[in-house]
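Subject: Structure for you to look at

Hello,

Here is the structure I said I would pass on. Please open it beside this message and follow the notes below as you read.

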Amino acid sequence: MKRALLAASLLPSLCFAQTSVPAGERKGFDRIVQADLRKDLAYIAGDSLAGRLSLQPGDDKAAEWVAQEFARAGLNPIRRESGIQGYYQPFTLVEYRPDRAASTVTLTRGGKSTVFHAPEATGVYKHSIDITAPVVFAGFGITAPELGYDDYKGIDAKGKIVFVFDHEPQEDNAHSVFNGTGNTRYATTRVKLLNAQVHGALAVVVVAEPNRKHLTNAERAARIGGSVTRTQPLPLQAIEEDEVKIPSLLVQDAVAAQILATAGATGKELQAGIDGDLRPRSRVLPDTSLTIHLRNASERTGTTLNVAGVLEGSDPKLKAETVLITAHHDHDGSTPCAAGKGDVDELGKPAPAGEECRQVWHGADDNGSGTVGVVELARAFAANGTRPRRSILFAVFAAEERGLLGAYWMAAHPVRPLATTRAQINFDMIGRDEKPSPQTDGLIEIPADTSNRLNLIGAPYSPTYNRVVAEENKHVGLELDDRFDRDAVLNVFFRSDQFPFVLHNIPAFWWFTGFHPDYHHTSDTVEKIDYPKMEKILKLAYLSAWRFASDAKTPVFVASPKVE
């Protein structure tokens, strides 16, 4: 992000709100009202939808409600087949529960075998699987030609198990080509899996960077704590026909040291070398074989639903182009209350225990706020009368909480061409004020006052997108924050539904008001939503989307983020 733009966005809101919204956009702008948000969110985050767990009836009701509201707003359906006009994009998930006690990773060397169990080595895959193969070390598992970096150069991974470090090189270096101290799209395990797959690997084993100065992903996730009290642990889910066809595993430091024992250097030395000169240290690990034995206690398939509708653009030629406005409708569901313990009701007040008592992960902010926000913007654009030149696709994805599954599915099976998709606005948690929590304590600085603050995530990949939002903010007066673009600790960049579209070179931002102590807890309830702030965010999104859909020049995707 340009420093001047960021500084301008942080000026007090009183400096902005005097500038009038263009007359042709005013009706839709004024159509965005808090009364709608309150009414809609009371339903989406209410007990009747039981926390909207993917593949459960409550989440199906949420998807049905979104489709009904798209129809009422007058959006065009995305499916016209066999006489059906619909707003659903269905796809199949595999829901499974790993059997950790029965799953093992075995290291064989010198005729001797060492067997590792969870938590030393853990793996997940949608089906039970057995793989035995030699091991190659492939650095960070990254192939980034635009950065002149390739961990696979000079090694043959075909038919082998690839061992890699998590994240990416030089993440403590503010001047690194890998977006300084932030993340690039190469830092996530899914991208490493897809890259290993292209190189013929059978599986990927990941270890946290040996020289890390941050928590591991498992340690960070454990801080959230919202699922500790679940009487029924959350199941895992995966796309049945996913692009990723090979399993991933995580190992702890001590296991990694044993695997690398024949590498000729320790993990710390290998990482230090890569960080020092950005030259890969990849190599075959002599006399090293792994056997991956993964078992699931249960597996089932089910159908879930992305929901989408189109507002057709006004320009005969440009209406073939698309701007995306998105969110996700699922959350973490509900479980029976623990014996003798009650829950909190929809207002966050204690509820008595009993046979019918259930703990509900209401997900008012995550992501009821985004779901109703997309619907409200659909109403606003449809009611405006005058339409922007390009078409707008409003989409609410399924199964984000299970791994961005709905967004990955639509990115792989687009309902409108990705080649002419010009920008994406993705809402995920736009209803609260950011507050310190165990997940963030000591890891990232949170401003003292976040009551007027919006985090925008994605500027390194599209400074021109960021410039449009900053310009339109003069009508609204929010404080725009880019902190998470410079963070490699919380993995924020690849934790929401804009990320699958970034992988397809689409300018895409996550609009996010930040973490808080109720994140992924039953206490994420409607009475804690900051509705005036949410209204301002949606008005800014409306104006920004209008620009994306009408300006002669559209946001430009930058494949290699520049460090400034």
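Which ring does the charged end of R230 sit over? The ring is that of W361, and the charged end of R230 is 4.2 Å from the centre of that ring. R190 has a ring partner as well: the charged end of R190 sits over the ring of Y408, 3.8 Å from its centre. Please keep in mind that this is a predicted model, and that the values below come from its atoms.

Next, the aromatic rings. A pair of aromatic rings is described by two things, the distance of the centres and the angle of the planes. A search of the whole structure gives 25 aromatic pairs. One of them is F29 with Y542: the ring centres are 6.5 Å apart and the planes stand at 55°, so this pair is classed as tilted. F29 belongs to helix 2 (residues 23-31) and Y542 to helix 13 (residues 531-550), so the pair links distant parts of the chain, 513 residues apart. Are these two residues buried or exposed? F29 has a relative accessibility of 7% and therefore counts as buried. Y542 is buried too, because its relative accessible area is 0%.

Another pair is F427 with W511, which is edge-to-face, with 6.1 Å from centre to centre and 90° between the planes. F427 is in strand 23 and W511 is in strand 26 (residues 508-512), so the pair ties together parts that lie 84 residues apart in sequence. Both of these residues are buried.

F29 and Y542 also appear in a group. Together with F70, F381, F394 and W546, they form one aromatic cluster.

Now strand 17. Seven of its seven residues are buried, so the strand is largely enclosed by the rest of the structure. Which residues lie on each face of strand 17? On one side are T322, L324, T326 and H328, and on the other are V323, I325 and A327; all of them are buried, which leaves both faces covered.

Strand 17 has pairing partners to look at. With strand 22 (residues 391-397), strand 17 pairs in the parallel sense over seven bridges. To find this pairing on screen, start from T322, whose bridge partner in strand 22 is S391. Strand 17 also pairs with strand 23, again in the parallel sense, over five bridges. In that pairing, I325 stands opposite I425 of strand 23.

The loop between strand 16 (296-311) and strand 17 (322-328) holds P316. P316 counts as exposed because its relative accessibility is 69% and the cut-off is over 50%. From C-alpha to C-alpha, P316 and A23 are 22 Å apart in space, while in sequence they are 293 residues apart.

The last residue on my list is N452, in the loop between strand 23 (421-427) and strand 24 (453-457). With a relative accessibility of 15%, N452 counts as buried, because buried means under 20%. What does the side chain of N452 reach? It reaches the backbone oxygen of G477 at 2.8 Å. The side chain of N452 also makes a polar contact with the side chain of K536, at 2.7 Å.

Regards

Methods:
Residues numbered from 1 in each chain as written. Predicted model: local features only at pLDDT ≥ 70, side-chain atom pairs only at ≥ 80, totals over all residues. Heavy atoms only, no water. Helix = DSSP H or I, 4+ residues; strand = E, 2+ residues; numbered from the N terminus. Buried < 20%, exposed > 50% of the residue type's maximum accessible area, 1.4 Å probe, protein only. Polar contact = N/O pair within 3.5 Å; in protein donor to acceptor, adjacent residues only side chain to side chain. Phe/Tyr/Trp six-rings, centres within 6.5 Å; stacked < 30°, edge-to-face > 60°. Lys NZ or Arg CZ within 6 Å of the ring centre and 35° of its normal. Pairing = 2+ DSSP bridges.
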